[in-house]
Every structure is written in structure tokens, then in C-alpha cells.
Amino acid sequence: MKKRAITGVLLCILAFAGFGYAGWRYVASRDSQTCRACSRPIHDHTRTIAVLDGKTGYYCCPACALSEHQQAGKPVQITQLTDYLSGKPLAPDGAYVVRDSEVNPCARKEAALAPDKHPMHTLFDRCSPGILAFRGRRQAEAFAAEHGGQVLPFAQLASGYQH
Ligand SMILES: [Zn+2]
């Protein structure tokens with residue numbers, strides 16, 4: 001009888017541990033799908049990882065991560081970008097960006113409607129102007145030639161947000 005009770009307790013502990021792990025997995029996977037700053041779904045080709053206040057988080061795009069600096073008043077360090085063309089992780093050092101091209105995966109497709117059914121104009125969108133990252137200047141310039149926008153080194157873009 002005593003032995004069965006102990007076995008029961010052990011089974012309970014195992015069950016709880018299993019649920020806990022499943023829950024943690026669920027939360028962890030959800031965190032990497034939505035942007036920490038704006039809760040928008042993260043696109044594979046603009047995924048950005050940044051450290052704010054010692055905590056690492058996923059952001060929908062570099063523009064969103066960098067604007068976190070202005071909102072939180074604390075320095076944000078971007079540790080990983082995504083190459084827009086290949087969808088592969090990209091180190092910020094040496095990366096180039098295209099700012100304000102016609103392509104912005106974060107932008108909402110349809111404008112929100114005001115109560116009078118007229119589209120409301122967005123005054124501030126943290127993901128605009130859109131920023132896309134590229135492995136090198138050549139790729140960024142080729143993209144900008146087709147879709148517009150301004151080509152600049154990532155380091156220059158990031159330093160523009162640090163005040
Ligand atoms: Zn975002």
C-alpha cells in the first residue's frame with residue numbers, strides 16, 4: 001500500500017513535469033513567432049534578434065527593433081538580422097539595408113476604417129519606413145534598383161537611432 005502511494009506520487013510529479021515542459025515549449029515557440037515590440041507575426045525574411053535590457057527577443061523587422069530604443073529609452077543591440085533574399089540568418093556587421101522601398105512585409109494590407117467608414121491615415125507605424133537587410137551592398141543596390149528605397153550600411157542605420 002505504501003509502495004503504491006509512492007508510485008502514485010512519482011507518476012503525478014512526472015505528469016506535471018511533462019505538462020510543464022509542453023507548456024514551456026508552447027510559450028517558447030510562440031515567442032519566436034510574434035514580435036516582442038508590436039506583437040505582429042514575424043516574417044521569416046525580416047526576422048530580427050535584439051538584446052534590450054539584457055533580454056534577447058525576436059522582432060518582426062529591424063525598424064521595429066530599433067524603434068524600441070526610442071520607446072524604452074534604453075539601448076537596443078541587434079545581434080542578428082535575416083538576409084531578405086535567402087531568409088538565412090545574417091550578422092549585422094557588414095550587412096546592408098534598403099530603407100523605405102515599396103516592399104514592407106510588416107505593413108498592414110488594408111487601412112483601418114474609421115467609424116465613418118473612411119480609411120484612417122496611420123500617423124505612426126513603428127515598422128515604417130520598412131527596412132530590409134541584405135548580405136552585401138551589391139544585393140541591396142540590385143533590390144533598390146527594382147523596388148526603390150535607400151541603400152546604406154546597417155551600422156550607419158543603427159547609429160541614426162542611438163539618440
Ligand atoms: Zn514589430
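**Exercise 1. Chain architecture**

In what order do the elements of the protein chain run from the N terminus on? State also the share of residues that count as buried.

*Solution.* The model is a predicted one. Step 1: counting the elements gives four helices and seven strands for the protein chain. Step 2: read from the N terminus on, these elements follow the order α-β-β-α-β-β-β-β-α-β-α. Step 3: the protein chain has 163 residues, of which 34% count as buried.

**Exercise 2. The zinc site**

Identify the protein donors of the zinc ion, and determine the geometry of their arrangement.

*Solution.* Step 1: the donor atoms are the SG atoms of Cys-35, Cys-38, Cys-60 and Cys-64, at 2.2 to 2.3 Å from the zinc ion. Step 2: along the sequence, the spacing of these donor residues is C-x2-C-x21-C-x3-C. Step 3: the angles subtended by the four donor atoms must be compared with a criterion, since four donors count as tetrahedral if all angles lie between 85 and 135 degrees. Step 4: the angles around the zinc ion are 104 to 115°, and the arrangement is therefore tetrahedral. For reference, the ideal angle for four tetrahedral donors is 109.5 degrees. Step 5: as to accessibility, Cys-60 and Cys-64 are both buried.

**Exercise 3. The four-stranded sheet**

Which strands stand at the edges of the open sheet, and why is one side of each left without a neighbour?

*Solution.* Step 1: the open sheet is formed by four strands in the order 2-1-3-4, with antiparallel pairing. Step 2: strand 2 (55-59) and strand 4 (89-90) are the edge strands; each has a single partner strand, so one side of each lacks a neighbour in the sheet. Step 3: for the pairing of strand 1 with strand 2, five bridges are found, and the two run antiparallel. One bridge pairs Ile-49 with Tyr-58 in strand 2. Step 4: strand 1 also contains Ala-50, which counts as buried because its relative accessibility is 0%. Ala-50 and Val-76 are separated by 26 residues in sequence, while their C-alpha atoms are 6.5 Å apart in space.

**Exercise 4. Strands 5 and 6**

Establish how strand 5 is joined to strand 6, and whether the faces of strand 6 are covered.

*Solution.* Step 1: strand 5 (residues 96-99) and strand 6 run antiparallel and are joined by four bridges. Step 2: Val-97 stands opposite Ala-133 of strand 6. Step 3: in a regular strand the side chains alternate between the two faces of the sheet. Step 4: in strand 6 (residues 131-134), Ile-131 and Ala-133 lie on one side, Leu-132 and Phe-134 on the other. These four residues are all buried, and both faces are thus covered.

**Exercise 5. The environment of Arg-40**

Is Arg-40 buried or exposed? Locate the residue and describe a contact of its side chain.

*Solution.* Step 1: Arg-40 belongs to the loop between helix 1 (2-31) and strand 1 (48-52). Step 2: its relative accessible area is 12%, so Arg-40 is buried, the cut-off being under 20%. Step 3: a polar atom of the Arg-40 side chain lies 3.0 Å from the backbone oxygen of Cys-106.

**Exercise 6. The second largest pocket**

Which element supplies the largest share of the lining of the second largest pocket?

*Solution.* Step 1: the second largest pocket holds about 180 Å³ of space. Step 2: its lining comprises 12 residues, with Gln-77, Ile-78, Pro-92, Phe-154 and Ala-158 nearest its centre. Step 3: at least two lining residues each come from strand 3 (76-82) and helix 4 (154-159). Step 4: strand 3 supplies the largest share, four residues.

Definitions and conventions. Residues numbered from 1 in each chain as written. Predicted model: local features only at pLDDT ≥ 70, side-chain atom pairs only at ≥ 80, totals over all residues. Heavy atoms only, no water. Donors = N, O, S within 2.8 Å, 3.2 Å for Na, K, Ca; no water. Tetrahedral: all angles 85-135°; square planar, octahedral: opposite > 155°, others 65-115°. Buried < 20%, exposed > 50% of the residue type's maximum accessible area, 1.4 Å probe, protein only. Pairing = 2+ DSSP bridges. Polar contact = N/O pair within 3.5 Å; in protein donor to acceptor, adjacent residues only side chain to side chain. 1 Å grid on protein atoms, 1.4 Å probe; cavity = no way out; pocket = protein on both sides within 12 Å on 5 of 7 lines; lining within 4 Å. Points joined across faces, edges and corners; volume = space filled by probe spheres on them.
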